[in-house]
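Student: I would like a close look at a single part of this model. Please take me through it slowly, one contact after another.

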Amino acid sequence: MKTRWFRISLAATVAAALWTTGCHRWETYYQEPSMSPLGTQSDAVWRQQEANAEASDFVVYQHEFQPGSERLNTDGEDHVQQIAARLLQGHEAPVVVERSRMSPREDTQYRFPVHTNPELDMNRRDVIVRALMALGIADADERVVVASAYAPGFRATEAEAAYRRGLSGNDYRNFGGFSFGGTRF
């Protein structure tokens, strides 16, 4: 008997609550989410990364010159020709000559080749400007600048590890020896 009165009082309480607050359908409170198509928020990030990588293609690195000289080596000559071809296709990017960091200075105690050389950098810039002008780039003088490369190079320990992986054939693609990025498993 108590359970029956309990059920009746519960039903009356629920009915009173619905009557005082109003009975609304669930559709009133539910809104369809306005979602963008998958990937649209990350597309801008990917486009920016692609643009940064493209700009990095227009950097003439210091290892593309003969050591301590403004003369291009064979790889540097090929790279400048590729840059000129892309500029003629309509790419709008500055051409960056990487600042030298391998010059010895006579006024130091040990004369290690670890210093910048602004004069050498400007001579290298002039070589690149002349080469691009000879390859048909009329605005080469305005386009070529001396600056640091966009992407930093290897540090000594990173370069050594990459060199050793190259010698042993163990790199991140070598799954047969269970080697991932130089870590052996």
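Tutor: Start with a definition. A salt bridge is a side-chain nitrogen of Lys or Arg within 4 Å of a carboxyl oxygen of Asp or Glu. Keep in mind that this is a predicted model.

Now take R86. The side chains of R86 and D57 form a salt bridge, at 2.9 Å from N to O. The two partners sit in distant parts of the chain. R86 is in helix 3, while D57 is in the loop between helix 2 and strand 1 (59-60). They are 29 residues apart. Is D57 buried, partly exposed or exposed? Its relative accessibility is 36%, so D57 counts as partly exposed.

R86 has another partner. Its side chain also meets that of E54 in a salt bridge, at 2.1 Å from N to O. R86 lies in helix 3 and E54 in helix 2 (residues 40-56), so this pair ties together parts that are 32 residues apart in sequence. E54 is partly exposed, and its relative accessible area is 30%. Put the two bridges together. They share a partner, and E54, D57 and R86 are joined into one network.

Stay with helix 2 for a moment. A51 is also placed in helix 2. It has a relative accessible area of 40%, so A51 is partly exposed. Which distance separates A51 from A93 in space? From C-alpha to C-alpha it is 9.8 Å, although A51 and A93 are 42 residues apart in sequence.

Next, follow helix 3 to another neighbour. Helix 3 covers residues 74-88, and helix 4 covers residues 118-134. Their axes come within 10 Å and cross at roughly 55 degrees. Helix 3 and helix 4 are therefore oblique to each other. The crossing is right-handed. Which residues make the contact? On helix 3 they are V80, I83 and A84. On helix 4 they are I128, A131 and L132. Sort this contact by class and you get 6 nonpolar residues, no polar ones and no charged ones.

Move on past helix 3. P94 is in the loop between helix 3 and strand 2. Its relative accessibility is 37%, so P94 counts as partly exposed. Leave out residues up to four places away in sequence, and P94 touches F58, R143 and Y150. P94 and E142 are 48 residues apart in sequence, yet their C-alpha atoms are 8.6 Å apart in space.

One of those P94 contacts, R143, brings us back to salt bridges. The side chains of R143 and D139 meet in a salt bridge, at 3.1 Å from N to O. Compare the two ends. R143 has 11% relative accessibility and so counts as buried. D139 has a relative accessible area of 32% and is partly exposed. In total, the structure holds 6 salt bridges.

Last, look between strand 2 (95-98) and helix 4. H115 lies in the loop there. Is H115 buried or exposed? It is buried, with a relative accessible area of 17%. What does H115 contact, leaving aside its neighbours within four places in sequence? Its contacts are S100, R101, M102, S103, P104, R105 and T108.

To recap, go back to R86. It meets E54 in one salt bridge and D57 in another. Helix 3, where R86 lies, also crosses helix 4.

Key:
Residues numbered from 1 in each chain as written. Predicted model: local features only at pLDDT ≥ 70, side-chain atom pairs only at ≥ 80, totals over all residues. Heavy atoms only, no water. Axes fitted to C-alpha atoms, helices over the stretch in contact; angles between N-to-C directions. Helix = DSSP H or I, 4+ residues; strand = E, 2+ residues; numbered from the N terminus. Parallel < 35°, antiparallel > 145°, perpendicular 65-115°, else oblique. Left-handed = near helix turned anticlockwise from the far one by under 90°. Contact = heavy atoms within 4.5 Å. Nonpolar A, V, L, I, M, F, W, Y, C, P; charged D, E, K, R; others polar. Buried < 20%, exposed > 50% of the residue type's maximum accessible area, 1.4 Å probe, protein only.
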